[in-house]
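Grab a coffee and work through these exercises with the model open beside you. Try each task before reading its solution.

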Amino acid sequence: MKRSVCLWFGLATMAILSGESSVCAQVVPELPPEIAAKLGQMPGVTAAVGDAESGLTPPQGEAQITFGPDSRAVLSLSDTFSNGLQWQVVFSSPLASENGAVELQTLDRLAAGTKAQFGLDYVLLDPKPGSFADLTEACKSVKAALADKKLEDVPSHCDDRLYGFAYRHGVSRDVLKRVTAAYFGNAYLKKLGVDVAASYDDYDFLDETLAKSSGRRTSAEAGIRASISRVIDSWSLIASLKRQRAYRNDESSLSQICVPIDGTAASRCAEAYLAPPRRIDDTVSSLEWRWQRTDDVAIAIHASYSQKDHVTGVSIPLYFFSNAARTLRGGVKFNWRNDTHDTQTVFFVSSGFDLL
Amino acid sequence: MIAVEFKVSTKAARWWVAIEDGDYDFQKPATAARFELQEGQPYLVVYYVVGNDGDAFLLTRTDATGKDIALADRVLGQSGLAYGQQEFTP
């Protein structure tokens, strides 16, 4: 397989409560991280909790680099509208993957090539408060904290305008956490989405006359996904089903070809594929559970099953560090599949940014 | 007990209200949320409104005569979500 320019387009990297392949929280810089992380990209909620008056959560982006047997670069862009629609575009490319390594993670056959993915989700918030006693106490705490600061023009009502004001004037995170727990303590975030993706890769092989030939093949997939997240506990359960049409080198045609070296009795031998890449149609189902333990620590367990190969792949990413501003995050991912029992460890670093 | 109706007049796509009443009720009404409440007793209502930036909304409840009384009269911010709480006595 030939790779030159490496721009990989892969699975979406979204916030822990909303994304597809990463639990890196996309923390909006002006929000308290624990709130942004918990609420993810719930339409309107992130901005409303922390910054009700200063603007819509801007379109988000995240760049991620992974290191190891499956080194790759990922760039994801996303935005959420107040009507509950959320789009995401992800570009990815392997950088220096070992043969077959890319499929180890999620049985994603398209990940072997340069890939672009577009997803559209409908996000539904089911906003149940924790308890009414907590509501009253949360508002009292915010007002008391603001009173200590002796500020002017403090909003009088117990609503998101007051809490946004409190955040902007440095009220402690513990107090704001109480607000989140009071208003969203029993809230669930539900998502239903579709995605389409395409990837291309170049393949070298020898034709019938043993002349070198190469061809570019475009693989494609379409899928549906559904998820439910409990806001206050920061866990998510995500199920997806994808139909893939991909291309691979025909391993059965791999042969050793030897040609004599002129003027000698020796031969020069090399392995080559004697057939063009073959098409593979597959359906991959997956189930994933994610949990953000703290601002900095998160874990996910992602299992995929290939109906064609009857293979299960498991991926467990651990996110355990970030810089002080939480714009840079990283961790380690362990992968395993049950047919070969291969294991893989990759390290990754990601950085979130606003597009506006 | 009297029937109290809550309404949110808005173009917003969705809104919810909940009333503290022991184990609270939570309603996602198409037009109005109706609760049977004790007259003269203070209650707390919590509301969530999802819509578009700039949408005005008016949260009201009815009194014993059926007349609407405003509980929140405001505009959705750019985030598209408003939420809050308000005490009232039917």
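Buried means under 20% relative accessible area, exposed means over 50%, and partly exposed is in between (1.4 Å probe, protein chains only). This is a predicted model, where local features need pLDDT of at least 70, side-chain atom pairs count only at pLDDT 80 or more, and totals for chains, interfaces and linings use all residues. Residues are numbered from 1 along each chain as its sequence is written, chains are lettered from A and ligands numbered from 1 in the order in which they are written, and side-chain values use heavy atoms, with hydrogens and water left out.

**Exercise 1. Take stock of the two chains.**

Start with the elements: chain A has 6 helices and 14 strands, while chain B has 0 helices and 8 strands. Helices (H or I, at least four residues) and strands (E, at least two) are DSSP runs, numbered from the N terminus.

Next comes burial. In chain A, 53% of the 356 residues count as buried; in chain B, 52% of the 90 residues do.

Last, look at contacts, meaning heavy atoms within 4.5 Å. For chain A, residues 24 or more positions apart account for 62% of the contacts with a separation of 6 or more. For chain B, 64% of the contacts between residues at least 6 apart in sequence join residues at least 24 apart.

**Exercise 2. Find out whether K150(A) and H310(A) are buried or exposed.**

First locate them. K150(A) lies in the loop between α4 and α5 of chain A, and H310(A) is in the loop between β11 (298–306) and β12 (311–322) of chain A.

Then check the backbone: K150(A) has a positive phi of about 55 degrees without being a glycine, and H310(A) has a positive phi of about 55 degrees, again without being a glycine.

Now apply the cut-off. K150(A) counts as exposed because its relative accessibility is 71%. H310(A) is exposed too, with a relative accessible area of 55%.

**Exercise 3. Work out what the side chain of R230(A) reaches.**

Begin with the address: R230(A) belongs to strand β6 (residues 212–230) of chain A. Its relative accessibility is 16%, so R230(A) counts as buried. From there, the side chain of R230(A) reaches the backbone oxygen of G185(A) at 3.2 Å.

**Exercise 4. Describe how α4(A) and α6(A) pack.**

Two packed helices are described by the angle between their axes and the distance between the axes. Axes are lines fitted to C-alpha atoms, for helices over the stretch in contact, and angles run from 0 to 180 degrees between N-to-C directions.

Helix α4 (residues 132–149) and helix α6 (residues 173–184) of chain A have axes that come within 9 Å and cross at roughly 155 degrees. The two are therefore roughly antiparallel (under 35 degrees is roughly parallel, over 145 roughly antiparallel, 65 to 115 roughly perpendicular, and the rest oblique).

Now list the contact: among its residues are L135(A) and V142(A) of α4(A), and V175(A) and R178(A) of α6(A). By class, there are 7 nonpolar, 1 polar and 3 charged residues. Ala, Val, Leu, Ile, Met, Phe, Trp, Tyr, Cys and Pro count as nonpolar, Asp, Glu, Lys and Arg as charged, and the others, Gly among them, as polar.

**Exercise 5. Repeat this for α5(A) and α6(A).**

The axes of helix α5 (residues 160–168) of chain A and α6(A) come within 11 Å and cross at roughly 155 degrees, so α5(A) and α6(A) are roughly antiparallel. Y163(A), A166(A) and Y167(A) in α5(A) meet L176(A), V179(A) and Y183(A) in α6(A). That contact divides into 6 nonpolar, no polar and no charged residues.

Key
A polar contact is a pair of N or O atoms within 3.5 Å; within protein, one must be able to donate a hydrogen and the other to accept it, and residues adjacent in sequence count only if both atoms are side-chain atoms.
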